[in-house]
Amino acid sequence: MERGLGRLKKEVLSHWLCTACGACAGLCPYIVTLEDRVAGVGECRESDGDCFRFCPRTGPVEGEGDSGLHGDAGYGGPVGSYESTGIARSGRRSDGFQYGGAVTALMIRALRDGVIDAAVLTTMGKTGPKTITATTEEEIRACAGSKYAVAPTVSEVNRVRRGFGGRLGVVALPCQVTALRKISEAEGQEASGTIALIVGLFCTWALTQRGWGALLGEEPGPDDLGRVDIPPPPADVMEVDLRGERLSLPLREVKEHIRPACRVCLDMTAENADISVGTVEGREGWSTLVIRTKVGRELVERAGSQGDLEREELDQERWRHLQDASLGKKERAIASAEVEGDMEPLPFLLAVSRVKEQIQR
Amino acid sequence: MKETTKNQVLLMGNEALARGILEGGASFVAGYPGNPSSEIIATLLQTAADLPVHVEWSTNEMVAAEAAAGASFAGLRAAAVMKENGVNVCADFLATLAVTGVRGGYVVVVCDDPGPLTSSNEGDARLLAQALEIPIMEASTPQEAKDMTRWAFQVSEERSTPVMVRSVSRLSHGRAGVELGVIPEPSRSAEFDTEHPLLCLPSVAAISHPLAHDRLRAVQKDFEDSIFNDYEGSDAPELLVISSGLSVLYAREAVSTLGMGDRVGIAKIGTVWPLPEGRLGDVLRRSKRILVVEQIEPFLEEKVRARHSDLAGELGDRDIYGRRSGHIPETGDISANTVADALAAIMGGGRRLNATFAEAASEIKEDLPLRDISFCRGCPHRASFWAIRTALELDGRNGFVAGDIGCYGLAAGPTGYQQIKVVHCMGSGIGNASGFGVLRDMGMEQPVVAVAGDSTFFASCLPGLINARNNGADVVFVVLDNSVTAMTGFQSHPGSSFGPRGEPQEPLRPETVCRALGVETSVYDPVADVKRVSEAVYDRLQRPGVQALVLRRTCSTYEDRMRMGSSAVAQVDQEICVGETCGCDRFCTRVVGCPGNRWDAEKGKAYIDPDFCNGCGLCVELCSWDAISLTEGGE
């Protein structure tokens, strides 16, 4: 069975299923990215391509057993597997940081300790989110803040891996995290440009870049966008600090610009990351941490002991709420996939539908 | 012009037509390039440089016809030169010119393209001429092309009507010895008689139209005695071939080679419309069986049938063969073999003269490599269509390109990545797009890109572009500006930096015109900026209204001819090239498709054939492994 670009186009790229994570791009001349778009241009004859292997949306590959991955790639409980949880905030508070600044603190710690040699991060470019490779603490700090739209981050990882011998840390959304984990497992730790650290961000959905620009009246420039927040119901708005002004956008209008691919996403908490980071409701300035691997645990512990992070326990109520929210996203995705899968029986949609049975078990 | 005998020179049909224009005393000649007619103006630009004749490449055929008429109205002899499609372009004007009539002799030289060999369709100028009510003659040989053109000016001026002269591709491009005549000394000064205006207005036309018919009757009378109508054969042959133009030579060759000279007579008709009916009646009396041989449409055949009907009482039954009877194929070019086949079918015992080209080609087909028709080496259109393709794929709404008929029309095929999905005539792409672009309320979700060449932009795109803008069509309009009229032989146009004789010229830029029309326009080099162009096209596809891009880079083949191209040559670092593995799969040699990119099957690596590389740098830009670089002067 072919597992190349032709099939990737047929099953993912030509549909609304593509998350624009960029996993298939930056590997060859056939797949191009622009803003938050990814497209296959030209016919490649490779029948077992990295593009197909790394895509988080190709569904289970025939002939291969359970990948061991969770999130979009398999069910591992409401938030996937984890070692421990907690909440944290940056030990050195800076107003530019979204929520707790924990991600920035962790990446800087990882760079200082030599866990990574460079960090692949997303910043606001001229026309929307843009992925860059940071090698200094200042560059890492400049990328703080949520973006609410996506950039093909993993294509930058692919590009950097090729010409860079060191270890990379990546801050990524759940779909991107799944792709990064696929790549790191396929390439192993011996390959050049090793993916040494994956910090995942909680994500309910992302907006299209052009839609985000349209909502804000014009596309936000690098320094235009401040804090973005969706207060808990019944507010029903998205609050945006744009060029010093606070905009209150009706959530209904905002949701019209959600990337279609997000509708069938099973993964809220970046289940394949080393550490997943998200908001803590009712605790302004704090981030939830879900620590999933040894790499993640050791980094968080060092950041704590070095004073980069102030840490507390995640209380049971919030933990239950997080699991409910994550499961809620899965259930919404399954419902969408069942409807869409009836019309277009794409392998990924069928795989998402099957998660229903696993949840029920 | 090469001399053959003392009195003859060897001339291409188009050169003979050019000479006929000069011998006819024309002071003004205008045309628009288009095969098979292009060499006529080109010859005049070269040979008449020192004569008191104004020769120009006009912006399009309509303007050429109108400008030449201006000279005729001022009392000078004038010619408009074009391919058949050009008559369609200027038909509106010619139809009214036939009503008002002309002053100085006015001749439209039109070259049809049976087949068609290099045209978008195979129109027949004779049908147009009749519809426009303009007399038309058809030449059989270069000698006749010259002499007939000269005579056409005389008929036109004497009868105050425009006259057309028809050639076809194989006459225009064939060569034969031609006896030259005298080019008259200029004796007229231009002046328009304002006391006698030429007005085609409703009230006036009602009076003028019958007068135009009177003029046609007078021309028909001239045609009865024309030396361009002839008969060869016995008085009462078994079969009579009626033929015109180049087909006469095919008929002669077939009859002579089959040894049927005693049995088959050939009536040659040079003055095809208005047909000299007395002469035709005489011809019809010669034989019970008639084969009509002509090129493209059954024009003469219909006339013969009509004339036979007129004379049915006198003539009785006649068997009339031709396209309608199936003895001549209904469409496409013909040859002496076509006539021989028809003769064999009618007379029996015939044979083919020789293997046709198609038969010969099919015999050696096995040994021929498969080759797609391709853009030239380093052609900037290749880069432009790669960028457009990339943008349309990124856009993801199944967008497409509406194009027209320059070199870039090849983008309907593999060399342009099959991006063009609609091709008709000059300027039709932007016109079609202005329709596609307003269908959003009717369910159309696909975006449309219109493309046009730079010469086409000036010739035929402005009304379409204005229409798109005025009606709020969503269109990305891309002008593929290679700075010459490339496809027809590198003629200058208003956007070229050189004039018709190669002299420096201040170019009028397409972006200047677009912006003046209120269309936002950006300019890029399609090769050096190939990635930026795809970003720009994608960006414009997301915006409402008409957006223009001018992609400017000089035609690579023109650069070669003028020896003005880059001396750089690309080189592949085979250490870096990943060849057929995942990550490339022969992208430059298999997908990009420039003839300079070659594949070394033994090594499994790409290389550059320096003889086919003009150093444009497209493969350098597109190789995602940075394995290709430019080296000054090559190695």
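# A guided tour of chains A and B

Select B:Arg586 first: this residue sits in the loop between strand E21 (568-572) and helix H21 (587-592) of chain B. Helices (H or I, at least four residues) and strands (E, at least two) are DSSP runs, numbered from the N terminus. The structure is a predicted model, in which local features need pLDDT of at least 70, side-chain atom pairs count only at pLDDT 80 or more, and totals for chains, interfaces and linings use all residues. Residues are numbered from 1 along each chain as its sequence is written, while chains are lettered from A and ligands numbered from 1 in the order in which they are written.

## Backbone at B:Arg586 and A:Tyr148

Display the backbone of B:Arg586: its phi is near 55 degrees, a positive value in a residue other than glycine. Most residues other than glycine have a negative phi, and most peptide bonds are trans. B:Arg586 has 20 other C-beta atoms within 10 Å and is therefore buried. The classes are buried (20 or more other C-beta atoms within 10 Å of the residue's own), exposed (12 or fewer) and partly exposed (in between), with C-beta atoms placed from the backbone.

Move next to A:Tyr148, in the loop between helix H4 (137-141) and helix H5 (153-163) of chain A. Here too phi is positive, at about 65 degrees, although the residue is not a glycine. A:Tyr148 is buried, with 22 other C-beta atoms within 10 Å.

## Two cis peptide bonds in chain B

Select B:Asn35 and B:Pro36, which are joined by a cis peptide bond with omega near 10 degrees. B:Pro36 belongs to the loop between strand E3 (28-31) and helix H2 (38-47) of chain B. Then select B:Gly115 and B:Pro116, where the peptide bond is again cis, with omega near -15 degrees. The loop that holds B:Pro116 runs between strand E6 (106-112) and H5 of chain B.

## The domains of chain B

Colour chain B by domain: domain 1 (2-224), domain 2 (231-358), domain 3 (380-562) and domain 4 (568-632). These bounds come from an automatic or database domain assignment. Between domain 1 and domain 2 of chain B, the centres are 28 Å apart, taken over C-alpha atoms. Their contact takes 26 residues from domain 1 of chain B and 21 residues from domain 2 of chain B; two residues are in contact if their C-beta atoms, placed from the backbone, lie within 7 Å.

On the domain 1 side, highlight the elements that each supply at least two residues, among them helix H6 (142-159), strand E8 (163-168) and helix H8 (202-224) of chain B. H8(B) gives the largest share of that side, 5 residues. This side of domain 1 divides into 13 nonpolar, 4 polar and 9 charged residues. Ala, Val, Leu, Ile, Met, Phe, Trp, Tyr, Cys and Pro count as nonpolar, Asp, Glu, Lys and Arg as charged, and the others, Gly among them, as polar.

## Helix H15 of chain B

Select residues 380-395 of chain B, which form helix H15. At 1.5 Å a residue, the 16 residues of this helix should span 22 Å (1.5 Å times one less than the number of residues), and its end C-alpha atoms are 23 Å apart, which agrees. Since 16 of the 16 residues of H15(B) are buried, the helix is largely enclosed by the rest of the structure. B:Gly396 follows H15(B) and has a positive phi, near 75 degrees.

## Where the chains meet

Show both chains: 16 residues of chain A are in contact with 17 residues of chain B. On the chain A side, select strand E1 (31-34) and strand E2 (37-40), the elements that give two or more residues. E2(A) provides the largest share of that side, 3 residues. By class, the chain A side has 8 nonpolar, 3 polar and 5 charged residues.

## Chain A, and a last stop

Hide chain B to view the 11 helices and 13 strands of chain A. The radius of gyration of chain A, taken over C-alpha atoms, is 19 Å, close to the 21 Å that the globule rule (2.2 Å times the number of residues to the power 0.38) gives for 361 residues, so chain A is as compact as a globular protein of that length. Of those 361 residues, 52% count as buried.

Finish at A:His257, in the loop between helix H8 (251-255) and strand E11 (275-279) of chain A. With 19 C-beta neighbours inside 10 Å, A:His257 counts as partly exposed. Not counting residues up to four places away in sequence, A:His257 touches A:Leu207, A:Thr208, A:Gly211, A:Trp212 and A:Leu215.
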